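User: Could you walk me through this protein model, one small step at a time? I am new to reading structures.

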Amino acid sequence: MNRFDYVRPATVAEALASGALPGSAYLAAGTNLVDLMKVGVARPERVIDISRLPGLDRIEWLPDGGVRIGALVRNADLAYDARFARAFPAVAEALLSGASAQLRNAATVGGNLMQRTRCAYFGDPAAACNRRAPGTGCDARAGDNRLHAVLGWSEACIATHPSDFCVPLVALDAVVEVEGARGAREIPLDLLHALPGTTPERETVLEPGDLIVALRLPAEAAAFRHHARYLKLRERTSYAFAVVSAAAALDIEDGTIAGARIALGGVAAKPWRARDAEALLIGERPTAELLARAADRALAEARPSGDNAFKIVLARRIVVRALTLALEGTPETMPALPASAFSATTGARHVA
Ligand code: SF4
């Protein structure tokens, strides 16, 4: 690990002043950043510890029924907040699908949004990686790429975004509140993360020194609370990133789909909203054939980036299964390990 300066600001303004200096990195729980610093992938000259900034660790209910979540709220605290889980059950389910209990107790909302790809070559300073070192190439293209992207990838980078939490958030139109040199501004979460194109090193639309201070979910997102699920397929039952995942949320009125939200995880460098598939569902009466067509639409643009054509099949199936379970209704109690072998749900429904 390199030597670095350690700064602990007392206010957001102090944090921004330090964050504006070149070579700075914000530290909250450090569950991703510290790992990257240990292996030499992240080499900040200045670590700005924002973990004790006042006022960023609150869940605030807004007068219109929306919610504002401070960037320093811990993942576990949000998942186990009963009012939050009732209003936004797919988000709580996604939070409980992520990492391990210990990591969820430490990791923050802002940090979850800002976590880096888990592409093994990105995490290996000896490997060629355009995202970590622009212009060096991409060892994943000819390497172990079975878990890499099938949507939105480019010749320069085929990495995926690792967050579970972000998937239902994007489906539910979450908004990120940012403070920076240009003052306060808001960014729809769907626009926060960037697809790689020719500049995979540009992972988000944030400017240097920008600090995420909060996340908001609009009141309308709670309309989906009775029919909302997040399903995650992974290679072991716990403490693993998604091979593919899906958030599905439906608003059913008189047996007809009045509103639909679908997003996928583990398939692209950002959480992937499937708006065309949503549009196909709205105004229709739900049938197995309709849900299958929506899944086809969600994956219509998918193509393998390597040895991962199987992910397109899996992603299509998990969309069908998430929609089917959402249609059945949000469970009273979330499965301890969603989509796991220990879930009460049979495995049969994922076959379209
Ligand atoms: Fe780097 Fe992206 Fe290639 Fe992985 S897929 S090695 S992150 S350029």
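Here is a friendly set of questions and answers on the model shown above.

This is a predicted model, in which local features need pLDDT of at least 70, side-chain atom pairs count only at pLDDT 80 or more, and totals for chains, interfaces and linings use all residues. Residues are numbered from 1 along each chain as its sequence is written, and side-chain values use heavy atoms, with hydrogens and water left out.

User: How many helices and strands are there in the protein chain?
Analyst: Helices (H or I, at least four residues) and strands (E, at least two) are DSSP runs, numbered from the N terminus. Counted that way, the protein chain has 12 helices and 12 strands.

User: What radius of gyration does the protein chain have?
Analyst: The radius is taken over C-alpha atoms, and the globule rule is 2.2 Å times the number of residues to the power 0.38. For 352 residues, a compact globule would come out near 20 Å, and the chain agrees with this, having a radius of gyration of 20 Å.

User: What percentage of the residues of the protein chain count as buried?
Analyst: Buried means under 20% relative accessible area, exposed means over 50%, and partly exposed is in between (1.4 Å probe, protein chains only). Of the 352 residues, the buried share is 53%.

User: Which residues touch the most other members of the largest nonpolar core?
Analyst: A nonpolar core is a set of buried Ala, Val, Leu, Ile, Met, Phe, Trp, Tyr and Cys residues joined through side-chain atoms within 4.5 Å. The largest such core holds 35 residues, and its largest share, 4 residues, comes from helix H5 (residues 89–97). Apart from it lies another core, of 34 residues, including Trp272 and Leu290. In the largest core, the members that touch the most others are Phe88, Leu113 and Leu217.

User: How many of the residues of H5 are buried?
Analyst: The buried residues of H5 include Pro89, Glu93 and Ser97. They pack against several elements, among them helix H3 (75–79), helix H8 (166–171) and strand S8 (211–217). H5 is mostly covered, and its buried residues number 9 of 9.

User: Which residue, with a positive phi, follows H5?
Analyst: The residue sits in the loop between H5 and H6. Its phi is near 50 degrees, a positive value in a residue other than glycine. At 29% relative accessibility it counts as partly exposed. The residue that follows H5 is Ala99.

User: Where does Tyr239 lie, and is it buried or partly exposed?
Analyst: Tyr239 has a positive phi of about 55 degrees, although it is not a glycine. Its place is in the loop between S9 and strand S10 (244–253). With 47% relative accessibility, Tyr239 counts as partly exposed.

User: Is Val178 buried or exposed?
Analyst: Val178 lies in strand S6 (residues 175–180). Leaving aside neighbours within four places in sequence, Val178 is in contact (heavy atoms within 4.5 Å) with residues including Ile187, Leu206 and Ile212. Since its relative accessibility is 1%, Val178 counts as buried.

User: What separates the C-alpha atoms of Val178 and Val213?
Analyst: Along the chain, Val178 and Val213 are 35 residues apart. In space, their C-alpha atoms are separated by 5.7 Å.
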